[in-house]
Amino acid sequence: MSRTRHSVCVYCGSRVGARPAYPEAARATGSMLAANGWRLVYGAGDVGLMGEVARAAQSAGGETFGVIPTHLLSLEVGKRDLSTFVVTETMHERKKVMFMNADAVVVLPGGGGSLDEFFEVLTWRQLGLHAKPIVLLNTQGYWDRLVALIDAIVDEGFADASLRGFVEVASTVEALEAVLRRGFATRG
Ligand code: AMP
């Protein structure tokens with residue numbers, strides 16, 4: 001039987017960001033996933049926070065599953081030494097394969113791509129298409145503005161209050177680990 005019990009999809013920046021706390025949290029996330037025997041599912045790049053998470057997971061002996069579209073192989077430096085390395089034709093296929101192979105979604109600090117991925121899984125949750133935990137790793141309050149936006153969307157009548165409940169927020173990697181453990185215990 002495989003040591004891997006659960007898979008965690010990590011969306012995060014293809015850049016490291018402006019604060020050392022971002023790559024530090026990314027590395028801690030990769031190590032934490034490996035320590036729990038959870039497989040990392042991510043965009044297969046070796047750049048930015050993506051590379052930080054993956055290298056840390058690998059160094060800690062974790063299983064890694066990466067998915068990258070052909071046209072990003074050089075731009076995002078496709079990381080071919082992952083446990084599983086999948087090349088897709090399109091961005092949509094990439095997102096689909098990542099999501100299908102994950103039991104939970106974690107969003108680290110990132111840019112437009114991370115937001116695109118976050119809102120896709122959030123809106124799928126809103127439509128009842130899945131029940132996977134969605135967790136924002138709120139390193140140094142990076143996602144405070146996103147949480148405030150979601151609150152405003154609800155307050156202004158553009159979404160049901162349940163929208164906010166679909167998003168869990170963890171300020172530290174320790175808190176993230178606890179949220180994931182709870183989510184996996186609840187869902188089996
Ligand atoms: P970013 O947060 O902008 O640094 O992007 C993080 C990751 O999201 C990168 O691997 C991007 O290639 C990816 N990305 C950006 N836009 C999309 C999209 N529409 N669908 C799938 N992945 C995307």
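In this predicted model, the side chain of K95 places an N or O atom 3.5 Å from a nitrogen atom of the ligand. D116 adds a polar side-chain atom that lies 3.3 Å from a ligand nitrogen, and the side chain of E117 has an N or O atom 3.3 Å from a nitrogen atom of the ligand. A polar contact is here a pair of N or O atoms within 3.5 Å; within protein, one atom must be able to donate a hydrogen and the other to accept it, and residues adjacent in sequence count only if both atoms are side-chain atoms. Taken alone, the ligand exposes 490 Å², and the protein buries 80% of that area. Accessible areas were computed by the Shrake-Rupley method with a 1.4 Å probe, and for residues only the protein chains shown count as cover.

Local features rest on residues with pLDDT of at least 70 and side-chain atom pairs on pLDDT 80 or more, while totals for chains, interfaces and linings use all residues. Residues are numbered from 1 along each chain as its sequence is written, and side-chain values use heavy atoms, with hydrogens and water left out.

The wider surroundings of the ligand can be described next. There are 16 residues around the ligand, of which S14, E76, G111, G113 and S114 come nearest; a residue is near a molecule or strand if one of its heavy atoms lies within 4 Å of it. Helix 4 (112-126) and helix 3 (91-100) each supply at least two residues of this shell, and helix 4 gives the most, with five residues. Helices (H or I, at least four residues) and strands (E, at least two) are DSSP runs, numbered from the N terminus. By residue class, the shell divides into four nonpolar, seven polar and five charged residues. In this scheme Ala, Val, Leu, Ile, Met, Phe, Trp, Tyr, Cys and Pro count as nonpolar, Asp, Glu, Lys and Arg as charged, and the others, Gly among them, as polar.

The space taken by the ligand is the largest pocket. On a 1 Å grid over the protein atoms alone, a pocket is an open set of points with protein on both sides within 12 Å along at least five of seven lines, whereas a cavity is a set of points where a 1.4 Å probe fits but cannot get out; lining residues have an atom within 4 Å of a point. A molecule sits in a cavity or pocket if more than half of its atoms lie within 2 Å of its grid points.

Away from the ligand description, several strand residues are worth a look. S7 is in strand 1 (residues 7-11) and is buried, with a relative accessible area of 6%; buried means under 20%, exposed over 50%, and partly exposed in between (1.4 Å probe, protein chains only). The side chains of S7 and R39 are joined by a polar contact of 2.8 Å. T88, in strand 4 (residues 84-88), is likewise buried, with a relative accessible area of 6%. A polar atom of the T88 side chain lies 3.0 Å from the backbone oxygen of T90. P69 belongs to strand 3 (residues 64-69) and is buried at a relative accessible area of 0%. The C-alpha atoms of P69 and A25 are separated by 26 Å, with these positions 44 residues apart along the chain.Two helix residues are also buried. R94, found in helix 3, has a relative accessibility of 5%, and its C-alpha atom is 23 Å from that of L180, 86 residues apart in sequence. F118 lies in helix 4 and has a relative accessible area of 0%. F118 and V154 are 36 residues apart in sequence and 17 Å apart in space, C-alpha to C-alpha.

The backbone offers two further details. Most residues other than glycine have a negative phi. A44, however, has a positive phi near 65 degrees; this residue is in the loop between strand 2 (39-42) and helix 2 (48-59). Q140 also has a positive phi, of about 50 degrees, although it is not a glycine, and its place is in the loop between strand 6 (134-137) and helix 5 (144-155). Are these two loop residues buried or exposed? A44 counts as buried, at 0% relative accessibility, whereas Q140 counts as exposed, at 52%.
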